[in-house]
Amino acid sequence: MLAELEKRLDGLEWEQARAAAAEYVGLPSPLPAPALRRAMVEDTYCFVLLAFRGNQSRLRELVDHPDNRPYELPEDSAPGATTEVAATETANRSTAGLVVEAGKALNRWAAAGFRTVDPETYERRTAACAACPELTEPPVKWVYKVVMAKGSDDRVCGACGCVASRKARLVSEQCPRRDPAEPDLTRWGEPFAV
């Protein structure tokens with residue numbers, strides 16, 4: 001961790017450090033735990049966070065980046081994470097960032113031959129999403145209006161910003177959160193791949 005940030009966080013409890021780091025870089029809510037852990041061990045990542053201080057859309061992309069997943073711990077997704085927090089994080093994602101992530105998902109799906117999961121897998125995945133505290137209503141952004149058909153379930157995963165019912169159908173996708181009871185598995189009950 002760069003000395004500049006380390007000095008600010010010295011002596012703080014974990015939750016206080018998350019809040020102080022977020023305040024220092026200019027985010028309205030505590031820095032996600034995986035992002036702070038990564039900043040603590042990767043000076044380059046920490047430097048980039050500091051370089052974009054005050055740029056909320058760019059910071060949101062950095063703290064929600066998939067490369068932070070290896071720094072997740074089971075307690076990060078423990079019960080007690082509220083839907084309100086998930087809704088705030090989803091609403092704060094930039095539209096450009098969501099479009100980029102959707103493009104990556106489309107490329108993965110194309111590479112998998114545009115295959116979808118069998119009905120049993122889809123049912124298991126959507127049931128897990130429905131029970132997840134991070135499932136929330138979509139924010140008012142045009143990107144969500146473009147993809148939704150009338151009458152479809154448009155609720156969004158607060159962890160990744162995807163429309164859960166769409167993501168659950170794709171063979172090439174995985175749940176971004178570990179199962180609190182079995183950290184080697186996702187909340188969908190599938191192996192967690194970093």
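This passage walks through the predicted model, from its overall layout to its cores, salt bridges and a few single residues.

The protein has 10 helices and two strands. Read from the N terminus, the order of elements is α-α-α-α-α-α-α-α-β-α-β-α. Of the 194 residues, 40% are buried. The accessible surface adds up to about 10,400 Å², and carbon and sulfur atoms hold 57% of that. As for how the chain meets itself, 56% of the contacts with a separation of 6 or more are between residues 24 or more positions apart.

Next comes confidence. The mean pLDDT of the protein is 80, with 78% of the residues scoring at least 70. Among the elements, helix H8 (residues 119-131) has the highest mean pLDDT, 95, while helix H6 (residues 83-92) has the lowest, 47. Over residues 79-88, pLDDT stays under 50, and the model has 10 contacts beyond four places in sequence for this stretch. Where pLDDT is low, the predicted coordinates should not be read in detail.

Now for the nonpolar interior. The largest nonpolar core has 19 residues, and those with the most contacts inside it are Leu 27, Leu 31, Tyr 45, Leu 49 and Val 63. At least two residues of this core come from each of helix H1 (3-9), helix H2 (14-25), H3, helix H4 (43-51) and helix H5 (56-63). H2 supplies the largest share of this core, with five residues. Leu 31 gives a feel for the packing: leaving aside residues up to four places away in sequence, Leu 31 touches Arg 18, Ala 21, Ala 22, Leu 36 and Val 63. There is also a second, separate core of eight residues, and Tyr 122, Leu 135, Ala 164 and Trp 188 are among them.

Nonpolar side chains show up on the outside too. Trp 14, Met 40 and Val 41 make a nonpolar surface patch of about 280 Å². One of these, Met 40, sits in helix H3 (residues 33-41). With a relative accessibility of 39%, Met 40 counts as partly exposed, because that value falls between the 20% limit for buried and the 50% limit for exposed.

Charged pairs come next, as the structure holds 10 salt bridges. One of them is a local affair: Glu 61 pairs with Arg 58, with 3.3 Å between the closest N and O atoms. The two residues are three apart in helix H5, so about one helical turn separates them. Glu 61 is partly exposed, at a relative accessible area of 29%, and Arg 58 also counts as partly exposed, at 29% relative accessibility.

Other pairs reach across the sequence. Glu 173 forms a salt bridge with Arg 108, and the closest N and O atoms are 2.9 Å apart. Because Glu 173 lies in the segment after H10 and Arg 108 in helix H7, this pair ties together parts that are 65 residues apart in sequence. Glu 173 counts as buried, at 7% relative accessibility, whereas Arg 108 is partly exposed, at 36%. A salt bridge also joins the side chains of Glu 190 and Arg 124, at 3.4 Å from N to O. Here Glu 190 lies in the segment after H10 and Arg 124 in helix H8, so the pair ties together parts 66 residues apart in sequence. Glu 190 is buried, with 14% relative accessibility, while Arg 124 is partly exposed, with a relative accessible area of 37%.

Some salt bridges are linked up. A network of them takes in Glu 72, Glu 134, Arg 177 and Arg 187. Within this group, Arg 177 is found in the segment after helix H10 (164-167). Arg 177 counts as buried because its relative accessibility, 17%, is under the 20% cut-off. Arg 177 and Glu 134 are 43 residues apart along the chain, and their C-alpha atoms are separated by 9.7 Å.

One backbone detail rounds things off. Most residues other than glycine have a negative phi. Phe 114 goes the other way: phi is near 55°, a positive value in a residue other than glycine. Phe 114 sits in the loop between helix H7 (95-111) and H8, and its relative accessibility of 49% makes Phe 114 partly exposed.

Notes:
Residues numbered from 1 in each chain as written. Heavy atoms only, no water. Patch = residues over 30% accessible without salt bridge, like charges linked within 9 Å, V, L, I, M, F, W, Y side chains within 5 Å. Areas by Shrake-Rupley, 256 points an atom, 1.4 Å probe, with all protein chains shown as cover. Salt bridge = Lys/Arg side-chain N within 4 Å of Asp/Glu carboxyl O. Helix = DSSP H or I, 4+ residues; strand = E, 2+ residues; numbered from the N terminus. Buried < 20%, exposed > 50% of the residue type's maximum accessible area, 1.4 Å probe, protein only. Core = buried A, V, L, I, M, F, W, Y, C linked by side-chain atoms within 4.5 Å. Contact = heavy atoms within 4.5 Å. pLDDT = per-residue confidence, 0-100.
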